[in-house]
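Q: Please take me through one part of this model with care, and explain each term when it comes up. I am new to this structure and would like to see how that part fits with its surroundings.

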Amino acid sequence: MNELGDEMNLAARARQIGSVSRSLANDMSRSRVNYWAAYLVDWSCVFVFGYLGWRRHPSWTSILISSVVGLFVFSLVEYCIHRWLFHNKKSVFYPLHEAHHNQPEETASGLFPTSFLVLMPFWYLLADVLHVPGASFFLCGFSAGYVYFGTLHHLEHTVRINQIPYRWLQGRWAAHSVHHRIDETNFGVMTSFWDYVFRTHQKQRKRKSLAA
Ligand SMILES: [Zn+2]
Ligand SMILES: [Zn+2]
């Protein structure tokens, strides 16, 4: 009987610890300090992987090809995570992304060391275990894609579209604004390429003319 009581106590304590750590992670992910610390960590990934690649004395062609492939692969990963993880109601990431849709101007991001902790094991596997040529610059390009995505997305919610100088950039603003209104469309933030491929692209609806 005592053993059963002990087990129940342990289970209750584990639930309590789980709920406290969830709410702590939730509060942290919405704090400004975490938001900017994450940005700093994302930038440092670009330099760390660049440095790790540079130490192996690669050719400029290899640097260029690996970085561009990393950037391209990131654009697909960005699309997939946004569409099938962030917009999936069963996913643990759904509440954080829903909070962004409800209050787009608020700072919210994953916990700050996430990009480093996720990418470092990949680097170890690709570069150190499998010896894939150009692995470090692939991850450098991949991280640069993430920084570009983060910067663009931040500016899309803080700078008005009529203050944007280039037409193609205004296109990115418009596409993301459509996503915030029709959330099963325009999942790509850095490019609409994958939205065309997966047929989720939605052009901005023209306003009906006042005369009509
Ligand atoms: Zn957004
Ligand atoms: Zn979304």
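**Helix 6 and its partners**

A: The axes of helix 5 (residues 114-129) and helix 6 come within 9 Å and cross at roughly 160 degrees, where helices are DSSP runs of H or I with at least four residues, strands are runs of E with at least two, and both are numbered from the N terminus. Axes here are lines fitted to C-alpha atoms, for helices over the stretch in contact, and the angles run from 0 to 180 degrees between N-to-C directions. That makes helix 5 roughly antiparallel to helix 6, a term for angles over 145 degrees. This is a predicted model, in which local features need pLDDT of at least 70 and side-chain atom pairs count only at pLDDT 80 or more, while totals for chains, interfaces and linings use all residues. Residues are numbered from 1 along each chain as its sequence is written, and chains are lettered from A and ligands numbered from 1 in the order in which they are written.

The crossing of helix 5 and helix 6 is right-handed, meaning that the near helix is turned clockwise from the far one by less than a right angle, whereas an anticlockwise turn makes a crossing left-handed. Here Ser115, Leu119, Phe122, Trp123, Leu126 and Ala127 of helix 5 meet Ala135, Ser136, Leu139, Ser143 and Tyr146 of helix 6, contact being defined as C-beta atoms, placed from the backbone, that lie within 7 Å. In the loop between these two helices is His131, which has a positive phi of about 55 degrees although it is not a glycine. His131 counts as exposed, with 8 C-beta neighbours inside 10 Å; the cut-off for exposed is 12 or fewer other C-beta atoms within 10 Å, for buried it is 20 or more, and partly exposed lies in between.

Helix 6 (residues 135-156) also has helix 2 (residues 32-54) beside it, their axes coming within 8 Å and crossing at roughly 160 degrees. That makes helix 2 roughly antiparallel to helix 6, and helix 2 passes helix 6 in a left-handed crossing. Among the residues that make this contact are Val46, Phe49, Gly50 and Gly53 of helix 2, and Leu139, Cys140, Ser143 and Gly150 of helix 6.

The largest nonpolar core has 18 residues, and those with the most contacts inside it are Phe49, Leu139, Cys140 and Phe142; such a core is a set of buried Ala, Val, Leu, Ile, Met, Phe, Trp, Tyr and Cys residues joined through C-beta atoms within 7 Å. The elements that give two or more residues to this core are helix 2, helix 3 (60-86), helix 5 and helix 6, and helix 6 gives the most, with nine residues. Leaving out residues up to four places away in sequence, Cys140 touches Val46, Phe49, Gly50, Gly53, Ser67 and Gly70.

A residue from further along the chain, Met190, lies in the loop between helix 7 (167-181) and helix 8 (193-197). Met190 is buried, with 20 other C-beta atoms within 10 Å, and its contacts, apart from neighbours within four places in sequence, are Ser75, Glu78, Gly145, Tyr148, Phe149 and Leu152. Met190 and Tyr146 are 44 residues apart in sequence, yet 9.2 Å apart in space, C-alpha to C-alpha.

As the wider setting for this part, the protein has eight helices and zero strands, and 22% of its 212 residues count as buried.

Notes
Angles under 35 degrees count as roughly parallel, over 145 as roughly antiparallel, 65 to 115 as roughly perpendicular and the rest as oblique. Two residues are in contact if their C-beta atoms, placed from the backbone, lie within 7 Å.
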